[in-house]
Amino acid sequence: MDENEFERASVILQKLMDGDVRFAICYVLMASCYVRLNWLDKAIDILEDALQDDCLDVVEQIDIAFILINILINYRMTHRDVNVVDYIANIYYEADEYVNSKIISFINESNETKT
């Protein structure tokens, strides 16, 4: 694809994102378009928005966090991005707590049905 096609794709994706329900794949595709257009700040901003979007579940946020970290590492990382890394670390912590609580709940339910 050439530059114009990436720009058109980002406009179409933005229209999709203007609705009440947003999808992780749209954020990822928009960020990809922005990277290809060398609009790195916009790519980082859209992924930061995705990390705070209530429409996305924890697994989707973790996937987006990996992409964001990859962009930061491969293209640039400034003092501004320290807050992003802290935010991503919190997402991992919350995801770990969530998974652990689900495992404990499952074990407890299994033990109750055995007795």
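**Entry 1: a surface patch**

I began with the surface and found a nonpolar patch formed by Y98, V99, I103, F106 and I107. Together these residues have about 500 Å² of accessible area. I note here that the model is a predicted one.

I then picked I107 out of the patch and looked up its place, which is helix α5, residues 81–114. Is I107 buried, partly exposed or exposed? I107 counts as partly exposed, because its relative accessibility is 42%, and the class in between runs from 20% to 50%.

**Entry 2: the chain as a whole**

Next I looked up the elements of the protein chain. There are 5 helices and 0 strands. Read from the N terminus, the order is α-α-α-α-α. I also looked up burial for the chain, which has 115 residues. Buried residues account for 31% of them.

**Entry 3: α1 against α2**

I went through the helix pairs in chain order. Helix α1 covers residues 3–17, and α2 covers 24–36. The axes of α1 and α2 cross at roughly 155° and come within 9 Å. Angles over 145 degrees count as roughly antiparallel, so α1 and α2 are placed in that class. For the handedness, I noted that α1 passes α2 in a left-handed crossing.

I checked a residue pair here as well. M17 is found in helix α1. M17 counts as buried because its relative accessibility is 7%, and the cut-off for buried is under 20%. The C-alpha atoms of M17 and Y27 are separated by 8.1 Å. Along the chain, M17 and Y27 are 10 residues apart.

**Entry 4: E3 and L37**

E3 also lies in helix α1. I looked up its accessibility: E3 has a relative accessible area of 52%, so it is exposed. What separates the C-alpha atoms of E3 and L37? The separation is 6.3 Å, while the two residues are 34 residues apart along the chain.

**Entry 5: α2 against α3, and the loop between them**

The axes of α2 and α3 cross at roughly 170° and come within 7 Å. That angle makes α2 roughly antiparallel to α3. I recorded the crossing of α2 past α3 as left-handed.

I then turned to the loop between α2 (24–36) and α3 (40–51), where N38 is found. Its backbone caught my attention: N38 has a positive phi of about 65°, although it is not a glycine. I looked up whether N38 is buried or exposed, and N38 is exposed, with a relative accessible area of 58%.

**Entry 6: α3 against α4**

The next pair was α3 and helix α4, the latter made of residues 58–75. They pack at an angle of about 155°, and their axes are 9 Å apart. That angle is over the 145-degree cut-off, and α3 and α4 are therefore roughly antiparallel to each other. I noted a left-handed crossing where α3 passes α4.

**Entry 7: residues in α3 and α4**

I finished with two residue pairs. L47 has its place in helix α3. Is L47 buried or exposed? L47 counts as buried, because its relative accessibility is 0%. The C-alpha atoms of L47 and I71 are separated by 9.9 Å. L47 and I71 are 24 residues apart along the chain.

The other pair starts from I69, which is found in helix α4. I69 has a relative accessible area of 27%, so it is partly exposed. Its C-alpha atom is separated from that of I44 by 9.4 Å. Along the chain, I69 and I44 are 25 residues apart.

Conventions
Residues are numbered from 1 along each chain as its sequence is written. This is a predicted model: local features need pLDDT of at least 70, side-chain atom pairs count only at pLDDT 80 or more; totals for chains, interfaces and linings use all residues. Side-chain values use heavy atoms; hydrogens and water are left out. Helices (H or I, at least four residues) and strands (E, at least two) are DSSP runs, numbered from the N terminus. Buried means under 20% relative accessible area, exposed over 50%, partly exposed in between (1.4 Å probe, protein chains only). Patches are made of residues with over 30% relative accessible area and no salt bridge: like charges are joined within 9 Å, nonpolar side chains (Val, Leu, Ile, Met, Phe, Trp, Tyr) within 5 Å. Accessible areas come from the Shrake-Rupley method with a 1.4 Å probe; for residues, only the protein chains shown count as cover. A salt bridge is a side-chain nitrogen of Lys or Arg within 4 Å of a carboxyl oxygen of Asp or Glu. Axes are lines fitted to C-alpha atoms, for helices over the stretch in contact, and angles run from 0 to 180 degrees between N-to-C directions. Angles under 35 degrees count as roughly parallel, over 145 as roughly antiparallel, 65 to 115 as roughly perpendicular and the rest as oblique. A crossing is left-handed if the near helix is turned anticlockwise from the far one by less than a right angle, and right-handed if clockwise.
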